[in-house]
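I sat down with this model to look up two things: empty space inside the protein and pairs of opposite charge. Here is my notebook, in the order I worked.

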Amino acid sequence: MSERGEAAADPTRVAIACQGGGSHTAFTAGVLRELLADWDDRYELVGISGTSGGAFNALATWYGLVTEGPETARALLGSLWDDLAVDGAQDRWTNAVVTQLSRMESAGFPLPAVSPYQVPGPELGKRRIRDVLERHIDFDAIPHLCRRRAPELVVGTVDVNAGVFETFVDEEVTVDAVLASAAVPNLFEAVEIHGHYHWDGLFSQNPPVSDLMHRPPGRKPEELWIVQINSQEFDGEPSTAEVIADRRNELSGNISLNQELGFIEQVNEWVEAGKLPAGEFQRTDVRRIDMGKQYHSATKVDRDPEFLGELRELGRRRAREFLDGELDA
């Protein structure tokens, strides 16, 4: 890990933010499992956030850590994604159809627009996700696990009715909050929480960052690690319909993240210039772990076990490069 962590008398306080991106967030599971395998007393996790599939990973990591420790978190991440993968012939057929339709849509083929409220399939899919989450996470136990030194847990959604970002923090994280964070409007019905309807957090903070930064001085992260699904950079000019659709998808997924990180960089400059009170404000180093590889946006709905396994292995390799200092973070 970093020289800063090795040299410090106290552990470096770290927050991790997990970007959303459907099935591509299996990559994040691979990243987190590798980070946890190398976790030691040089680092203290003070917060973890996620949106959509990133919220699944953040929740599994947090729950495993606060109940048993890193090895339990690693096992939970693995079993969660094993259960989210395609299972059985019917599920495999459905997955293939949905992925192909998504690819055709991005290529510009005229397809009929169907609301998730008009067909039963989407709600059956949401019910399956609920079953998987509740199989691995005791949501009733979360409030009791939010003890004083537990990392902060943050899940991002958007409030459809109020038109504002809404995060659910610590004991507010219910199975409905996690489902809302993954409720893509054209795939799933909105999730009602406290009398308002919520959609996928990809429309809001992807992933939530500001909540992780608004901590008491002794719990503010000294380093913020971003697990980034959407490519930040692109070589050349997007020219085909598919490539244009892919790049638009990436850019829209990064807008809120870059805005929040830009504010952190501004605060860092003010801290270094002595324009903010010492002790209350501090520098936070931002480090990114990105995929380093581009996939078609249609594969964000692909739950094929081999594809998810490829993403998890890619995440493991990228995390190892990050830990070994080979990744330009």
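My entries start with the cavities and then turn to the salt bridges.

**Entry 1: cavities.** I kept in mind that this is a predicted model. I looked for enclosed space and found three cavities of 30 Å³ or more. The largest cavity has a volume of about 100 Å³. I listed the 13 residues of its lining, and those closest to the centre are His-24, Ile-229, Glu-250, Tyr-295 and Lys-300. Sorted by class, that lining has three nonpolar, six polar and four charged residues.

**Entry 2: the second largest cavity.** I noted a volume of about 50 Å³ for this one. Its lining is made up of Ile-16, Leu-32, Leu-35, Leu-36, Trp-39, Leu-45, Thr-61 and Leu-65. I asked which elements give two or more residues to this lining. They are helix 2 (26–37) and helix 3 (53–67), and helix 2 gives the most, with three residues. By class I wrote down seven nonpolar, one polar and no charged residues.

**Entry 3: salt bridges.** My next question was how many salt bridges there are. The count comes to 22. I picked out a few to look at one by one.

**Entry 4: Arg-219 and Glu-44.** The closest N and O atoms of this salt bridge are 2.5 Å apart. I placed Arg-219 in the loop between helix 9 (210–213) and strand 7 (223–228) and Glu-44 in strand 2 (residues 43–51), so the pair ties together parts that are 175 residues apart in sequence. Buried or exposed, I wondered, is Arg-219? Arg-219 is buried, at a relative accessible area of 7%, and Glu-44 is buried too, at 18%.

**Entry 5: helix 5 and the loop before helix 11.** Asp-91 forms a salt bridge with Arg-303, with the closest N and O atoms 2.7 Å apart. I found Asp-91 in helix 5 (residues 89–106) and Arg-303 in the loop between strand 8 (285–290) and helix 11 (305–323), 212 residues apart. Asp-91 is buried, with a relative accessible area of 14%, while Arg-303 counts as partly exposed at 22%.

I then checked Asp-304 and Arg-92, whose side chains meet in a salt bridge at 2.9 Å, N to O. This pair also links distant parts of the chain, with Asp-304 in the loop between strand 8 and helix 11 and Arg-92 in helix 5, 212 residues apart. Arg-92 is partly exposed, with a relative accessible area of 43%.

**Entry 6: a network.** My last note is that salt bridges with shared partners join Glu-34, Arg-320 and Asp-324 into one network.

Definitions and conventions:
Residues are numbered from 1 along each chain as its sequence is written. This is a predicted model: local features need pLDDT of at least 70, side-chain atom pairs count only at pLDDT 80 or more; totals for chains, interfaces and linings use all residues. Side-chain values use heavy atoms; hydrogens and water are left out. On a 1 Å grid over the protein atoms alone, a cavity is a set of points where a 1.4 Å probe fits but cannot get out, and a pocket is an open set with protein on both sides within 12 Å along at least five of seven lines; lining residues have an atom within 4 Å of a point. Grid points are joined across faces, edges and corners, and a volume is the space filled by probe spheres set on the points. Ala, Val, Leu, Ile, Met, Phe, Trp, Tyr, Cys and Pro count as nonpolar, Asp, Glu, Lys and Arg as charged, and the others, Gly among them, as polar. Helices (H or I, at least four residues) and strands (E, at least two) are DSSP runs, numbered from the N terminus. A salt bridge is a side-chain nitrogen of Lys or Arg within 4 Å of a carboxyl oxygen of Asp or Glu. Buried means under 20% relative accessible area, exposed over 50%, partly exposed in between (1.4 Å probe, protein chains only).
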